[in-house]
Amino acid sequence: MEIHNWWKEAVVYQVYPRSFQDSNGDGIGDIQGIISRIDYLKELGIDVIWLSPVYQSPNVDGGYDISDYQAISPDFGTMRDMEQLLQQAHLRGLRIVMDLVVNHTSDQHAWFIESRESKDSPKRDWYIWRDGCGGKHPNLMTSVFSGPAWTPDEATGQYYLHLFAKEQPDLNWENNEVRQAVYKMMRWWLDMGIDGFRMDVISMISKPAGALASDGGKGLDCVNGPRVHEYLREMNREVLSRYDVMTVGETPGVTIEEAKKYGGYDTGELSMVFQFELMDVDTGACGKWNQRRYALADLKRILSRWQTGLEGHAWNSLFWSNHDQPRAVSRFGDDTSEENRVLSAKMLATCLHMMQGTPYIYQGEELGMTNMPFDGLEEIRDVETLNAYEELVCQKYIYTHDEMMARIRKSGRDNARTPMQWTNASNGGFTDGAPWIGVNPNCESVNADAQRDDPDSVLSYYKQLIRLRKKHPIIVSGSYSQVCPGDDEVFAYKRSIDDAELLVVCNFTANTLERPELESVIPKDAELLICNYPSLNNTLRPFEARVYFGRAT
């Protein structure tokens, strides 16, 4: 049974703290920096701030290697700063959702330090340890970040499992003490006043027996394991159901049927999940490290299948990008000219925000920020990218240095992690110091100050879209149906509720198109709610987006 929840009407904005705003000149974004920009977020119209990790961490993997779940990294400030952020957000009617990273910890977490001391350690079974096989790793399983998923530990001679970096040992969720420690930590944060969790790779916490057997496999084979739904129902029962919260699970490998279990209206697990089928739309033989451009037919098929597949059963998460993905306008739009950058950024926003589900905006997406023109490997900070370079260039000789750099510029995670572009000043107004990672040189023209008072800017367009979502219930609750599914250049769909209808038309090309057949599906007595051109004509211009609202045809 579908239940009304506040997070269905919400728009979420993801803040990557290290790159959002530096307040003290050390080149690293921090919590006080977020507080200083919170009115910007309120003016944008969003409802929820999703905060990427600010916990104590050695920062091997951008803070997703946590050494203390109940401490704030000095890079970001203090617990008092965190309390102030919560207070200031709540005063403005904004909610705070934090990252929950409990598939693994840092190898510097007190739990792991105790676990590795000896085979008899009380916390030995809090992690996954195995004997080697013939002097080698327990099996051939590979990490998501390249290389073996097992690392030997000299103290005991055994190997520990890490599906990601070797500094991120996986917790053993089979151990009830581990689960109870996690739940206790979650309650601590919720009692402080946070409004929910985004759960990092939560579909990987239950390891299939085959993944730990002699044949091994890939880290991503450990998705949707045998007890994952049992664990999440227990988490909901013991923690989440006792608070008014929003939860979203990062669920690599999720299918529509699995998503109905994770986020089903009556399953007692999560509010919604992130599916990554769309994020894999342009992958190739070497995963994302290729030069392949996505096909619109594939994009339409994937988005439409999730819209219709979850309707009435579970809630969709809508996103083009996040801290792990390249910039949306560079990937799905066109950043080869200023005009196309602006038009395609608005078109992509229209296409996504008019669908059923909760929209997620990644910081800078509302400005149309682009991928970074990295010149050399010394500019890269991301462990996944550096490991991939080592494997594909230095070990397997699949790519040359120049070929790999082109792929990094297209698909690397650091594209999303360059600093937020606030002004045309030095370092884009992000810091008065030396930034921890380079600032995109186009900050001189692409920045918040330049767009704030420009009614034709990408930023102003996002504000319009968010206002429309809050004004028209059909955008939240209407059913979805695709229009002209065979069109390889235009994505058009309808939303319907009672006798009201919404028609969304998006030209995904840089060409002017004639589509007279769309005239017959425009709603009766239609009002043009929004368009990324100042006026209409009889063609669909490059990257044009239109939304009509009227009575059902």
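By class, eight nonpolar residues, one polar residue and one charged residue make up the lining of the largest cavity. The model examined here is predicted. Within this structure there are four cavities of 30 Å³ or more. The largest has a volume of about 70 Å³. Its lining comprises Trp 320, Ala 328, Val 329, Ala 345, Leu 348, Ala 349, Glu 365, Gly 368, Met 369 and Tyr 462. Two elements, α11 (328–331) and α12 (338–353), each give two or more residues to this lining. The greatest contribution comes from α12, with three residues. The charged class is represented by Glu 365, because Asp, Glu, Lys and Arg count as charged. The polar residue is Gly 368, because Gly is counted among the polar residues.

The second largest cavity holds about 50 Å³ of space. It is lined by Gln 275, Leu 278, Leu 303, Ser 317, Leu 318, Phe 319 and Leu 352. Five of these lining residues are nonpolar and two are polar. No charged residue takes part in the lining of the second largest cavity.

Aromatic contacts were examined next. The structure contains 25 aromatic pairs. One of them joins Tyr 13 and Phe 20, with ring centres 6.3 Å apart and planes at 70°, so the pair is edge-to-face. The cut-off for this class is an angle over 60 degrees. Tyr 13 has 0% relative accessibility and therefore counts as buried. Phe 20 also counts as buried, because its relative accessibility is 0%. For both residues, the limit that applies is under 20%.

A second pair is formed by Trp 111 and Trp 126. Their ring centres lie 5.1 Å apart and their planes meet at 70°, so this pair is edge-to-face too. The contact links distant parts of the chain, as the two residues are 15 residues apart. Trp 111 belongs to helix α5 (residues 110–115). Trp 126 is found in the loop between α5 and β6 (129–130). Both tryptophans are buried. They also belong to a wider cluster. Ring pairs connect Trp 111 and Trp 126 with Tyr 55, Tyr 69, Trp 188 and Trp 189.

Charged side chains also sit over aromatic rings. The charged end of Lys 123 is placed over the ring of Trp 126, at 4.6 Å from its centre. Trp 126 thus combines this charge contact with its edge-to-face pairing to Trp 111. Elsewhere, Arg 95 lies over the face of Trp 6, 3.7 Å from the ring centre.

Methods:
Residues numbered from 1 in each chain as written. Predicted model: local features only at pLDDT ≥ 70, side-chain atom pairs only at ≥ 80, totals over all residues. Heavy atoms only, no water. Phe/Tyr/Trp six-rings, centres within 6.5 Å; stacked < 30°, edge-to-face > 60°. Buried < 20%, exposed > 50% of the residue type's maximum accessible area, 1.4 Å probe, protein only. Helix = DSSP H or I, 4+ residues; strand = E, 2+ residues; numbered from the N terminus. Lys NZ or Arg CZ within 6 Å of the ring centre and 35° of its normal. 1 Å grid on protein atoms, 1.4 Å probe; cavity = no way out; pocket = protein on both sides within 12 Å on 5 of 7 lines; lining within 4 Å. Points joined across faces, edges and corners; volume = space filled by probe spheres on them.
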